[in-house]
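Welcome! Please take a moment to look over the sequence and the 3D structure, and then let us walk through some of the details together.

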Amino acid sequence: MNWLKPSWQAVLAIVLCLIAVALGAMSKPEAAALADPAASFNYPYIGTKGLMFGLVALAALISMTRIPLLAEAVVLFVGAHLVAWLLISGISGFEGTALASYFLLLTAAWLLGWRCVAVLSGLRPMASWTRTALRLIIPAIFGAWILIIWEAVTRGAGIPFILLPPPSAIGARIASSLPVLGADVRQTIFKAVIFGYVVGSGAGFITAILADRVPFLRRGLLPIGNMVSALPIIGVAPIMVMWFGFDWQSKAAVVIIMTFFPMLVNTVAGLAASGHMERDLMRTYASGYWQTLLKLRLPAAAPFIFNALKINSTLALIGAIVAEFFGTPVVGMGFRISTEVGRMNIDMVWAEIAVAALAGSVFYGVVALVERAVTFWHPSVRGG
């Protein structure tokens, strides 16, 4: 049995397939056709049911043989995603009719996808470009299965569109609403978020330097910062709208407030991160405050500063969108969400949420890439 290497995901997938075969029908129309063979019924998976069960079983069995890990991952990837595609395409037009066998087969395909990600995670390639590709492929497969399960469950269970539209409907709405979404992104992100992020983070950084230099500010400002950072957005946003008007300036003001204090607190903590031995060494070289700050303390504080920048990248987007709920021109992501919810256009609401999530991920990713380039010497980056 040296040629066999069982995995619990593959074994469980085969068991689920056997249970699904024993249960019989995968949909209500198929159950009706089996109950009355003389009648003529149209039901899903007429020609693909056996193929799907065979694909899951074959992929699971091949993955348990001692083949190269990359070949095992390819077999699992093809089998899992082909079965998922057949399941989703077959239920189209028969939404809400899926039975237990449908969900068992979906779970079996998901287990193969899980095993595929586990195998890929165990690969240790030598080439740097291969390691980079794996870092992109693994989360992509994981995210794809979230969408696959979402699509399959909403269609198979017939979840009402107003409660949870399938990802395909959201994607179609994004494709048909690109001009509107582009105008909303331009208003919310390129005006309010970026301006507020730069001003708030920059002001927090400069204030942290001053607080480090002046003990009075450090002892008096940090407790106030902790209190202000706990203020609710829904309380601050209407006040900013009253002060700065309905356009993007009031949303930028909310973003400045939300990003100022995380940067202040993290920078002050980072400036205190350098050790006493390093500071004593700088004093023996007759270094002044600013030389010590630039050559020792700021480099030591860099991970803290970038941590604040990454936190602010998400806080800024959240703050701007929530602030738009309390008054804005007829454009903006928050305005669109609140308006379309009232009109029951839930697919448009989810389209805005998807665009906001994508923009926030890109924003965070850019900051993380800059961090890796700037703090390449830090152990956390060298080890990553």
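## An exposed residue in a loop

Let us begin with Met344, which counts as exposed at 52% relative accessibility. To find Met344, look in the loop between helix H14 (333-342) and H15. Its backbone deserves a glance too: phi of Met344 is near 65 degrees, a positive value in a residue other than glycine. Please keep in mind throughout that this is a predicted model.

## A buried residue in another loop

Now turn to Tyr45, in the loop between helix H2 (28-35) and H3. Here, too, phi is near 65 degrees, which is a positive value for a residue that is not glycine. Is Tyr45 buried or exposed? Tyr45 has a relative accessible area of 5%, and because buried means under 20%, Tyr45 is buried.

## Two domains

Stepping back to the whole chain, you can divide the protein into domain 1, covering 8-159, and domain 2, covering 174-382. Taken over C-alpha atoms, the centres of domain 1 and domain 2 are separated by 41 Å.

## The nonpolar cores

A general point helps with what comes next: in soluble globular proteins, nonpolar side chains tend to be buried together. In this model, the largest nonpolar core has 45 residues, and Leu87 and Leu105 are those with the most contacts inside it. Which helices each supply at least two residues of this core? They are H1 (8-23), H3 (49-63), H4 (69-91), H5 (100-121) and H6 (128-157). H5 gives the largest share of this core, with 12 residues.

Leu105 is a good place to zoom in. Setting aside neighbours within four places in sequence, Leu105 is in contact with Cys17, Met26, Met52, Phe53, Val56, Val83 and Leu87. Apart from the core just described lies another one, of 31 residues, including Ile170, Phe306, Ala316 and Ile321.

## Where H7 meets H15

Two packed helices are described by the angle between their axes and the distance between the axes. For helix H7 (residues 167-176) and helix H15 (residues 346-374), the angle is about 80 degrees and the axes are 9 Å apart. That makes H7 roughly perpendicular to H15.

Which residues bring these helices together? From H7 come Ile170, Arg173 and Ile174, and they meet Asp347, Met348, Trp350, Ala351 and Ala354 in H15. The residues of this contact divide into 6 nonpolar, no polar and 2 charged.

## Two buried residues in helices

Our next stop is Glu72, in helix H4. With a relative accessible area of 0%, Glu72 is buried. Which residues is Glu72 in contact with, leaving aside its neighbours within four places in sequence? The list consists of Lys5, Ser63, Ile67, Arg115 and Val119.

The tour ends at Thr267, which lies in helix H11 (residues 248-271). Thr267 counts as buried, at 0% relative accessibility. Beyond the neighbours within four places in sequence, Thr267 is in contact with Phe205, Ala208 and Ile305. You can also look from Thr267 to Asn307: the two are 40 residues apart along the chain, and their C-alpha atoms are separated by 9.4 Å.

Terms used:
Residues are numbered from 1 along each chain as its sequence is written. This is a predicted model: local features need pLDDT of at least 70, side-chain atom pairs count only at pLDDT 80 or more; totals for chains, interfaces and linings use all residues. Side-chain values use heavy atoms; hydrogens and water are left out. A nonpolar core is a set of buried Ala, Val, Leu, Ile, Met, Phe, Trp, Tyr and Cys residues joined through side-chain atoms within 4.5 Å. Buried means under 20% relative accessible area, exposed over 50%, partly exposed in between (1.4 Å probe, protein chains only). Helices (H or I, at least four residues) and strands (E, at least two) are DSSP runs, numbered from the N terminus. Contact means heavy atoms within 4.5 Å. Domain bounds come from an automatic or database domain assignment. Axes are lines fitted to C-alpha atoms, for helices over the stretch in contact, and angles run from 0 to 180 degrees between N-to-C directions. Angles under 35 degrees count as roughly parallel, over 145 as roughly antiparallel, 65 to 115 as roughly perpendicular and the rest as oblique. Ala, Val, Leu, Ile, Met, Phe, Trp, Tyr, Cys and Pro count as nonpolar, Asp, Glu, Lys and Arg as charged, and the others, Gly among them, as polar.
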